[in-house]
Amino acid sequence: MYWSLFIIIALASWAVSALMEHRFKKYSRVGLRLTGREVAEKMLRDNNVHNVKITHVGGMLTDHFNPQNMTVNLSDSVYSSRSIAAAAVACHECGHAIQHAQGYAPLAMRSALVPVVQFASSMATWVILAGIALMAFSGSTTVCWIGIIMISMSALFSIITLPVEYNASARALEWLESSRTLQGVQLDYARTSLRW
């Protein structure tokens with residue numbers, strides 16, 4: 001039973017991640033005149049957010065807003081890319097910066113939970129594996145249940161995160177449309193990529 005739960009969670013996580021990467025790659029091939037950095041700077045400026053710096057971070061889809069040092073961090077595939085996908089991701093992260101500037105309550109709640117969830121999610125797999133090993137020797141399921149609770153915390157965090165993410169994407173799409181940065185089919189592509 002425990003292995004089945006572990007495998008189901010791992011497969012679901014992999015499927016969502018793979019689909020998100022597929023969408024990003026697809027819309028990375030659709031060109032745009034501005035880079036991800038330029039789009040992000042314009043969106044922040046248009047929303048009167050002047051205390052956030054746009055920076056470059058390594059990796060793919062490692063983009064994030066950091067409220068501690070007030071930076072929107074754009075990955076290799078977004079920062080200097082001139083594509084619909086780069087614009088959508090950059091604007092989504094700027095959406096978080098705007099949420100922060102406007103005191104959006106769900107973002108504050110999510111930020112407060114991040115350290116706890118990071119610890120729980122990084123340790124949960126190991127705790128479950130240790131619990132399975134202990135169960136084989138002693139029959140005790142306590143450690144396994146602790147691991148499952150840790151995974152549940154990550155799932156609960158994801159549920160809390162959904163409104164924050166949807167709101168950041170909605171802000172991104174609203175600005176992309178109102179600023180006329182994207183129009184027509186381009187805007188539809190951005191909408192599709194932000195959905196994932």
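Leaving aside neighbours within four places in sequence, which residues is Ala-97 in contact with? The close-ups below start there, and keep in mind that this is a predicted model.

**View 1. Ala-97 and its contacts in helix α4.** Here's the answer to the opening question: once neighbours within four places in sequence are set aside, Ala-97 is in contact with Leu-44, Val-52, Phe-65 and Val-72. Ala-97 itself sits in helix α4, which covers residues 84-101. Its relative accessible area is 0%, so Ala-97 counts as buried, the cut-off being under 20%. For a sense of distance, take Val-57: Ala-97 and Val-57 are 40 residues apart in sequence, and their C-alpha atoms are 17 Å apart in space.

**View 2. Gly-147, a buried residue of helix α6.** Helix α6 runs over residues 142-178, and Gly-147 is part of it. With a relative accessible area of 0%, Gly-147 is buried. If you skip residues up to four places away in sequence, Gly-147 touches Ala-124, Val-127 and Ile-128. Ala-130 is 17 residues from Gly-147 along the chain, with 9.0 Å between the two C-alpha atoms.

**View 3. A nonpolar patch on the surface, with Trp-3 as one of its members.** Now for the outside: Trp-3, Ile-7 and Leu-11 make a nonpolar surface patch of about 320 Å². Trp-3 belongs to helix α1, residues 2-28. Is Trp-3 buried, partly exposed or exposed? Its relative accessibility is 45%, so Trp-3 counts as partly exposed, falling between the 20% and 50% cut-offs.

Terms used. Residues numbered from 1 in each chain as written. Predicted model: local features only at pLDDT ≥ 70, side-chain atom pairs only at ≥ 80, totals over all residues. Heavy atoms only, no water. Helix = DSSP H or I, 4+ residues; strand = E, 2+ residues; numbered from the N terminus. Buried < 20%, exposed > 50% of the residue type's maximum accessible area, 1.4 Å probe, protein only. Contact = heavy atoms within 4.5 Å. Patch = residues over 30% accessible without salt bridge, like charges linked within 9 Å, V, L, I, M, F, W, Y side chains within 5 Å. Areas by Shrake-Rupley, 256 points an atom, 1.4 Å probe, with all protein chains shown as cover. Salt bridge = Lys/Arg side-chain N within 4 Å of Asp/Glu carboxyl O.
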